[in-house]
2 protein chains.
Amino acid sequence: MSKHENISMSVIRRLPRYYRFLSDCIDKNITKISSKELAERMGLTASQIRQDLNCFGGFGQQGYGYSVEYLKNEIGSILGLQNNFKAILIGAGNLGNAVASQLSFNKLGFDLIGIFDSSEQLIGKKINNIDIFHIDSLELFCKTNKPVMAILCVPKSSAKSITDKLYSIGIRSFWNFSHYDINLNYNEVTVENVHMSDSLMTLCYKINKNLNI
Amino acid sequence: MSKHENISMSVIRRLPRYYRFLSDCIDKNITKISSKELAERMGLTASQIRQDLNCFGGFGQQGYGYSVEYLKNEIGSILGLQNNFKAILIGAGNLGNAVASQLSFNKLGFDLIGIFDSSEQLIGKKINNIDIFHIDSLELFCKTNKPVMAILCVPKSSAKSITDKLYSIGIRSFWNFSHYDINLNYNEVTVENVHMSDSLMTLCYKINKNLNI
């Protein structure tokens with residue numbers, strides 16, 4: 001697997017998209033696909049695809065195409081989706097609810113094991129069959145269940161204090177939906193941000209410049 | 001403004017973050033900031049900041065620093081935030097609710113003027129003081145109010161049909177939360193995707209490789 005080291009994040013960020021398209025192919029009973037066909041489906045060039053996949057050692061045979069299932073499984077394995085990392089979600093508002101109910105965590109590398117909120121009326125309820133606990137029970141829950149990742153669906157005003165708490169408990173990985181830049185304040189944390197407002201401003205720029213991308 | 005043409009999207013994607021940090025500075029009554037101080041706050045290097053801002057003509061004076069408000073306003077203007085592009089949102093479930101209620105659209109370049117859903121019990125209600133209309137009234141609403149952008153908070157299963165409809169009505173810009181690649185099927189559309197599952201898989205990769213980024 002040493003070949004997988006030092007791959008640029010821009011290549012890595014394309015892998016989930018390959019994974020999604022290959023999953024679609026499987027749903028459509030497509031078993032073999034050429035880089036040309038895959039490129040057409042994905043709006044990329046065949047040479048871009050070959051170049052990306054060559055970072056990981058290839059997977060295809062010249063003139064023969066890729067085995068869809070094999071390629072999907074290999075990409076899943078590179079992404080580490082087999083890990084089922086234990087995760088918790090903080091903030092059971094609309095956003096937390098959407099995240100907990102709409103994503104298939106166990107197909108995406110994680111096992112969502114608990115949801116936390118401070119609102120008394122949510123405690124004891126479930127989202128997608130996962131219990132909502134009171135935020136006060138966070139520390140005990142983490143000591144017992146040892147989650148490695150926390151999903152932050154809290155407002156900016158409480159993001160710092162909850163991150164301090166999670167960090168002190170030992171959480172070092174965050175999927176961050178709050179408007180708070182976690183990695184500026186902590187060492188040795190792994191963070192993936194979903195900054196919706198940044199995305200919306202980028203769209204504004206594209207529309208303003210009439211960019212068809 | 002011709003200096004702003006041909007700026008790479010990777011620079012553009014950093015602008016919303018500058019904009020957020022400068023807004024924070026204003027909230028903290030900071031009126032002047034050097035590229036070094038801004039770099040420390042943002043976890044970037046001073047030379048990266050100077051290089052980014054030089055793409056747009058500078059804004060700073062050597063040894064004097066940037067005027068926070070001037071710089072924020074200039075970046076806002078480059079992003080086109082003054083446009084208040086009319087937008088509609090499709091799908092008033094948890095995600096649509098979160099998007100409509102948590103973002104300050106009019107500070108981010110848009111004016112959210114209507115929300116659409118097919119669920120009878122939502123019709124007539126409001127989110128964040130914006131009316132929820134029945135999806136059947138979409139065409140008439142668009143003819144009358146002429147929105148330029150649509151936010152898709154619908155499941156993948158209905159994303160294609162609703163996008164077909166919106167495209168036929170004349171919408172050419174999309175903020176897309178659905179697992180559907182709009183720009184593969186339409187010409188001359190402007191799309192910004194928020195693919196949550198891709199983000200989650202990327203986080204899985206980072207944790208698996210123990211990357212502290």
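**Salt bridges within and between chains**

Chain A, to begin with its secondary structure, has eight helices and nine strands. I should say at once that this is a predicted model, and that it scores an ipTM of 0.94 and a pTM of 0.91. For chain A the pLDDT averages 91, with 95% of the residues scoring at least 70.

Let me give the overall picture of that chain before turning to individual pairs. The C-alpha trace of chain A spans about 60 × 45 × 35 Å along its principal axes, and 50% of its 213 residues count as buried. If we take the contacts in chain A with a separation of 6 or more, 55% of them are between residues 24 or more positions apart. The accessible surface of the chain comes to about 10,000 Å², and carbon and sulfur atoms account for 46% of that. As for charge, chain A carries 23 positive and 19 negative charges, and the mean positions of the two sets are 4 Å apart.

That brings me to the salt bridges, of which a search of the whole structure finds 24 over all chains. I will go through three of them.

The first on my list pairs B:K156 with A:D24, where the closest N and O atoms are 3.0 Å apart. Because B:K156 sits in helix 7 of chain B, residues 156-169, while A:D24 sits in helix 1 of chain A, residues 9-27, this pair joins two chains. On the matter of exposure, B:K156 is partly exposed at a relative accessible area of 41%, and A:D24 also counts as partly exposed, at 23%.

Next, which residue forms a salt bridge with A:K165? The partner is A:E139, with 3.1 Å between the closest N and O atoms. Here A:K165 belongs to helix 7 of chain A and A:E139 to helix 6 of chain A, residues 138-145, so the pair ties together parts that are 26 residues apart in sequence. A:K165 is partly exposed, with 33% relative accessibility, and A:E139 is partly exposed with a relative accessible area of 33%.

Finally, the side chains of A:D198 and B:R20 meet in a salt bridge at 2.8 Å, N to O. Since A:D198 lies in helix 8 of chain A, residues 196-208, and B:R20 in helix 1 of chain B, this pair, too, joins two chains. Are these two residues buried or exposed? Both A:D198 and B:R20 are buried. I would also point out a network in which salt bridges that share partners join A:R17, A:R20, B:D181 and B:D198.

Notes. Residues are numbered from 1 along each chain as its sequence is written. Chains are lettered from A and ligands numbered from 1 in the order in which they are written. This is a predicted model: local features need pLDDT of at least 70, side-chain atom pairs count only at pLDDT 80 or more; totals for chains, interfaces and linings use all residues. Side-chain values use heavy atoms; hydrogens and water are left out. pLDDT is the predictor's confidence in each residue, from 0 to 100. Helices (H or I, at least four residues) and strands (E, at least two) are DSSP runs, numbered from the N terminus. Buried means under 20% relative accessible area, exposed over 50%, partly exposed in between (1.4 Å probe, protein chains only). Contact means heavy atoms within 4.5 Å. Accessible areas come from the Shrake-Rupley method with a 1.4 Å probe; for residues, only the protein chains shown count as cover. Lys and Arg count as positive and Asp and Glu as negative; His and the chain ends are not counted. The place of a charge is taken as NZ of Lys, CZ of Arg, CG of Asp or CD of Glu. A salt bridge is a side-chain nitrogen of Lys or Arg within 4 Å of a carboxyl oxygen of Asp or Glu.
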